[in-house]
Amino acid sequence: MKESCLSKLAPGEWGVVRSLSGEAGIRQRLQDLGLIPGTHVCCLQRSPLGDPTAYAIRGAVIALREEDSVNIHLK
Amino acid sequence: MGLTKASTGKGAVDCFSPDGEKSAGIRIALAGNPNVGKSTVFNGLTGMHQHTGNWPGKTVTGARGNYTYRGGTYTLVDLPGCYSLMAHSAEEEVARDFICFGDAEAVVVVCDATCLERNLNLVLQIIEITSKTVVCVNLMDEAKKKKISIRANQLECLLGVPVVCTAVKMGSERNYGYTELLERVRQTIKQPKRCSMPVRYGEDLERAAGMIAETLTVLCGEKINPRWLALRLLAGDTQAVRSAEKALNADIGEIAKDALTCAYADLEAQEIARETISDRLTSAIVQRAEKVARSVVKTENESYHERDRKIDRVLTGKCGFLVMALLFLGVFWLTIVGSNYPSGWLSSFFFQTEGWIYQGLLSMGCPAIFGEIFVFGVYRMVTRVVSVMLPPMAIFFPLFTLLEDAGYLPRVAFNLDKCFQKCSACGKQALTMCIEKFKMFYLYNL
């Protein structure tokens, strides 16, 4: 199974969260937004300057910077 | 609104504290995610009887207001909007500390009916702390537009707390659901506190939490839910525990030390590492929120998502900057050109009236020198300022508010975030920058 992180997802692609890394604060914040193992995420679009990127997470559109989305590992 | 003598006078800074004697009524906390219409509900209930200030020692603003219902006076404390009580921003700490230790008789959690699942995360966390919670599902009119329906009775059943649906305007009815909300809050206050367990964490964690909670029951008494405190200890949430220690004036770490060690040993024997406990607790809440939302929210129409995505592709895609530049240029152009006409009319009107007022003063026997000072000095300056300053303000701010209500401003923050990051700021500051730019230009043109 190809393992990658959320920042590598291209616009229009779906992924399933496998695990989160990073320090406790940012992990808690991401989990509170619904990014727990098993969540389906879709990359919607990148900002015109490349960062941040908008993702569809549990019915909401959330923008994440690359420095945070590298912590989200996908199946 | 909020700008009363009490809120801006000399004593204003001191009296904003939830413990102040000024909060005469039964204390109710008002919590919820950001942008769910919490302020609207707050204003709708308290009207002019409110004032704003900073939470003591923090840079987080809050508001407190009174309302009366069926002979009782209630003090509504507007907590900062937050997505959870577990992360550690200033807003979340203020909200958590007030809900847990602020002696509120009840908590009203305002939710957005159009994205209930995300709001349920906070709702479940709050119900875990106190059973005296009322869930207010707001923005029902928006949900209706998007063909989203909420089964409030089912939600009430699943959560075990009262649920009220509200909207600022539903059909022809204004402040829909507000009276029912007041009534349910009144009833909730009368009920005794009970142990609420909206989320179950699996046998292993529940047993561990139970062990620790037993040692804390006496200490917590009626004030704090011992199960919640036990879970925070297990998760290693030192900040929450520290706040609890301050509130209860006890060394909780010491009291629960043995039980905690035992619990950790027990969990490790089942191969559950200490570091993963916090993640497991959070996951369980998110999963429960998903399950509840799935059974109470019915969406008939998926296509509105598509339309929003298409619009976003224009606003935040390759042409994003062009669209942004055009929009803002348009707003500034409308303001500058548009304000010329009313400025001209006001100027000539005030110029006419100058002569009349001067003649009037002279005919009343006022000495010429005073007449000149008043009319050609004071009056002229004031009217000049009004005719130049008022029209641009009256055009710019409504236009900007239109952009804000349409939801465009987060797209601006999204587009500009990278630039702001380079200055160690973040996209949100783009909005303050717009307003500052306008002010600069405005004052320059005076």
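**Figure 1. Ser348(B) is partly exposed, with a relative accessible area of 39%.** In this predicted model, the residue sits within helix H16 of chain B, which covers residues 320–363. Its 39% counts as partly exposed because that class lies between the buried limit of under 20% and the exposed limit of over 50%. Asp141(B) may serve as a reference point for this view: Ser348(B) and Asp141(B) are 207 residues apart in sequence, and their C-alpha atoms lie 46 Å apart in space.

**Figure 2. Strands E9 and E10 of chain B form an antiparallel hairpin.** Strand E9 takes in residues 167–170 and strand E10 residues 173–176, and the pairing between them runs over 3 bridges. Within this pairing, Lys169(B) has Arg174(B) in E10(B) as its bridge partner. The hairpin has 2 residues between the strands, and Gly171(B) takes a positive phi near 70° there. A further positive phi, near 50°, is found at Asn175(B), a residue other than glycine, and Asn175(B) is placed in strand E10 of chain B. With a relative accessibility of 32%, Asn175(B) counts as partly exposed.

**Figure 3. Asn249(B) takes a positive phi in a loop between two helices.** The loop in question joins helix H11 (238–248) to helix H12 (252–255) of chain B. Phi of Asn249(B) is near 55°, a positive value in a residue other than glycine. Asn249(B) has a relative accessible area of 71% and is therefore classed as exposed, the limit for that class being over 50%.

**Figure 4. Chain B as a whole contains 19 helices and 11 strands.** The C-alpha trace of chain B spans about 95 × 55 × 50 Å along its principal axes, and 47% of its 446 residues count as buried. When contacts in chain B between residues at least 6 apart in sequence are considered, 72% of them join residues at least 24 apart. The accessible surface of chain B amounts to about 23000 Å², and carbon and sulfur atoms contribute 59% of that area. Chain B carries 50 positive and 46 negative charges, and the mean positions of these two sets are 6 Å apart.

**Figure 5. Chain A follows the pattern β-β-α-β-β-β-α-β along its sequence.** The chain has 2 helices and 6 strands, and its C-alpha trace spans about 30 × 30 × 20 Å along the principal axes. A compact globule of 75 residues would have a radius of gyration near 11 Å, and chain A, at 11 Å, agrees with this expectation. Buried residues account for 52% of the 75 residues in chain A, while 57% of the contacts in chain A with a separation of 6 or more are between residues 24 or more positions apart. About 3300 Å² of chain A is accessible surface, with 54% of it belonging to carbon and sulfur atoms. For the 9 positive and 8 negative charges of chain A, the mean positions lie 5 Å apart.

**Figure 6. An open sheet of 6 strands in chain A has the order E1-E6-E2-E3-E4-E5, with antiparallel pairing.** Its edge strands are E1 (4–5) and E5 (60–64) of chain A, each of which pairs on one side only. In general, the strands of a sheet pair through backbone hydrogen bonds, in either the parallel or the antiparallel sense. At one edge, E1(A) pairs with strand E6 (residues 72–74) of chain A in the antiparallel sense over 2 bridges, and Cys5(A) has His73(A) in E6(A) as its bridge partner. Further into the order, strand E2 (residues 14–20) and strand E3 (residues 40–46) of chain A run antiparallel and are joined by 3 bridges, with Gly15(A) standing opposite Val41(A) in E3(A).

**Figure 7. The hairpin of E3(A) and E4(A) has 6 residues between its strands.** E3(A) pairs with strand E4 (residues 53–57) of chain A over 5 bridges in the antiparallel sense, and Cys42(A) has Ala56(A) in E4(A) as its bridge partner. In the turn, Gly50(A) has a positive phi of about 100°. The peptide bond from Asp51(A) to Pro52(A) is cis, with omega near 0°, and Pro52(A) lies in the loop between E3 and E4 of chain A.

Methods. Residues numbered from 1 in each chain as written. Chains lettered and ligands numbered in written order. Predicted model: local features only at pLDDT ≥ 70, side-chain atom pairs only at ≥ 80, totals over all residues. Heavy atoms only, no water. Helix = DSSP H or I, 4+ residues; strand = E, 2+ residues; numbered from the N terminus. Buried < 20%, exposed > 50% of the residue type's maximum accessible area, 1.4 Å probe, protein only. Pairing = 2+ DSSP bridges. Rg over C-alpha atoms; globule rule 2.2 N^0.38 Å. Contact = heavy atoms within 4.5 Å. Areas by Shrake-Rupley, 256 points an atom, 1.4 Å probe, with all protein chains shown as cover. Lys, Arg positive; Asp, Glu negative; His and termini not counted. Charge placed at Lys NZ, Arg CZ, Asp CG, Glu CD.
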